[in-house]
Amino acid sequence: MDELLGTGEQLSPYHMAVRALITFFVALILIRTGGLRIVGKKSGFDLVIVIMMGAVMARGIVGASPMFSTIVAASVMIAINMLLAWLCIKSPLLNKIFKGSALILYQNGKINWKNMEKASLSESDLLTSLRLETHEQSLEKVTQATLETNGRISFLLKP
């Protein structure tokens, strides 16, 4: 196995290429096992797993950590993500703790400045999202704007 993967941090380009190839397929399997929600929703909850998994798996590619150990660590992270996702489905309280809750930024013709400040958003940020999401120029046609738990602002338009 040492001939195929090399050992330590002094790896040849061949060893790093083999490690990268293996890591790519292991990461793909882990993400598929963990569910598309990890990359699809992009909530803070899911981004933590993606970032940590990438950092750990990269250590295996460059030889900073043993290859098998990084695969085990990444697998544990996916298992934890799956467990926490399941617990969030079962418990609204845990869901709120791990994923947060949506913030109403605009409703019935008024900007909720308290929530805007909590989200570190300016009126300009809100209007930029409005243009990008709805192609509208002003909030006149909007009944509600909500900062969702995935970081996007959703807009409900007047009928």
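**Entry 1: the hairpin**

Two strands count as paired if DSSP finds at least two bridges between them. I began with that rule, and I note here that the model is predicted. I then turned to strand 1 and strand 2, which form a hairpin with two residues between them. The two strands run antiparallel and are joined by two bridges, so they meet the cut-off of at least two. For one of the facing positions, I found Gln107 opposite Lys110 in strand 2. In the turn, I noted Asn108, whose phi is positive at about 50 degrees.

**Entry 2: the whole sheet**

Next I asked myself in what order the strands of the open sheet lie. The order of the four strands is 2-1-3-4, and the pairing is antiparallel. Strand 2 (110-111) and strand 4 (153-157) are the edge strands; each has a single partner strand, so one side of each has no neighbour in the sheet. As a reminder to myself, strands of a sheet pair through backbone hydrogen bonds, in a parallel or an antiparallel way.

I then followed strand 1 (residues 103-107) to strand 3 (residues 142-147), where four bridges link the two in the antiparallel sense. I wrote down two of the bridge partners in strand 3: Leu147 for Leu103, and Ala145 for Tyr106.

**Entry 3: helix 8 and Thr134**

What lies across the strands? I found helix 8 (residues 123-134) lying across strand 1, strand 2, strand 3 and strand 4. Its angle to strand 4 is about 65 degrees.

I picked Thr134, a residue of helix 8, for a closer look. Is Thr134 buried or exposed? Thr134 counts as buried because its relative accessibility is 17%, and the cut-off for buried is under 20%. A polar atom of the Thr134 side chain lies 2.6 Å from the backbone oxygen of Leu130. The Thr134 side chain also reaches the backbone nitrogen of Glu136, at 3.2 Å. Leaving out residues up to four places away in sequence, I list Ser129, Phe155 and Leu157 as the residues that Thr134 touches.

**Entry 4: positive phi angles**

I also looked up two loop residues on either side of helix 8 in my list. Ser120 sits in the loop between helix 7 (113-118) and helix 8. Ser120 is not a glycine, yet its phi is positive, about 55 degrees. I have Ser120 down as exposed, at a relative accessible area of 62%.

His135 belongs to the loop between helix 8 and strand 3. Its phi is positive too, about 65 degrees, although His135 is not a glycine. With a relative accessible area of 68%, His135 is exposed.

**Entry 5: helix 5**

How many residues does helix 5 have? I get 24, covering residues 67-90. From first C-alpha to last, helix 5 reaches 35 Å, close to the expected 34 Å at 1.5 Å a residue.

I then went through its buried residues, among them Met67, Thr70, Ile71, Ala74, Met77, Ile78 and Asn81. Leu84, Ala85 and Cys88 are also buried in helix 5. It helps me to recall that an α-helix has 3.6 residues a turn, so residues three or four places apart point the same way.

**Entry 6: aromatic rings**

Last, I searched the whole structure for aromatic pairs, and one turned up. Phe24 and Phe25 form the pair, with 5.1 Å between the centres and 85 degrees between the planes, an edge-to-face arrangement. I checked Phe25 further and found it partly exposed, at a relative accessible area of 45%.

Conventions. Residues numbered from 1 in each chain as written. Predicted model: local features only at pLDDT ≥ 70, side-chain atom pairs only at ≥ 80, totals over all residues. Heavy atoms only, no water. Expected span 1.5 Å × (residues − 1). Buried < 20%, exposed > 50% of the residue type's maximum accessible area, 1.4 Å probe, protein only. Phe/Tyr/Trp six-rings, centres within 6.5 Å; stacked < 30°, edge-to-face > 60°. Contact = heavy atoms within 4.5 Å. Axes fitted to C-alpha atoms, helices over the stretch in contact; angles between N-to-C directions. Polar contact = N/O pair within 3.5 Å; in protein donor to acceptor, adjacent residues only side chain to side chain.
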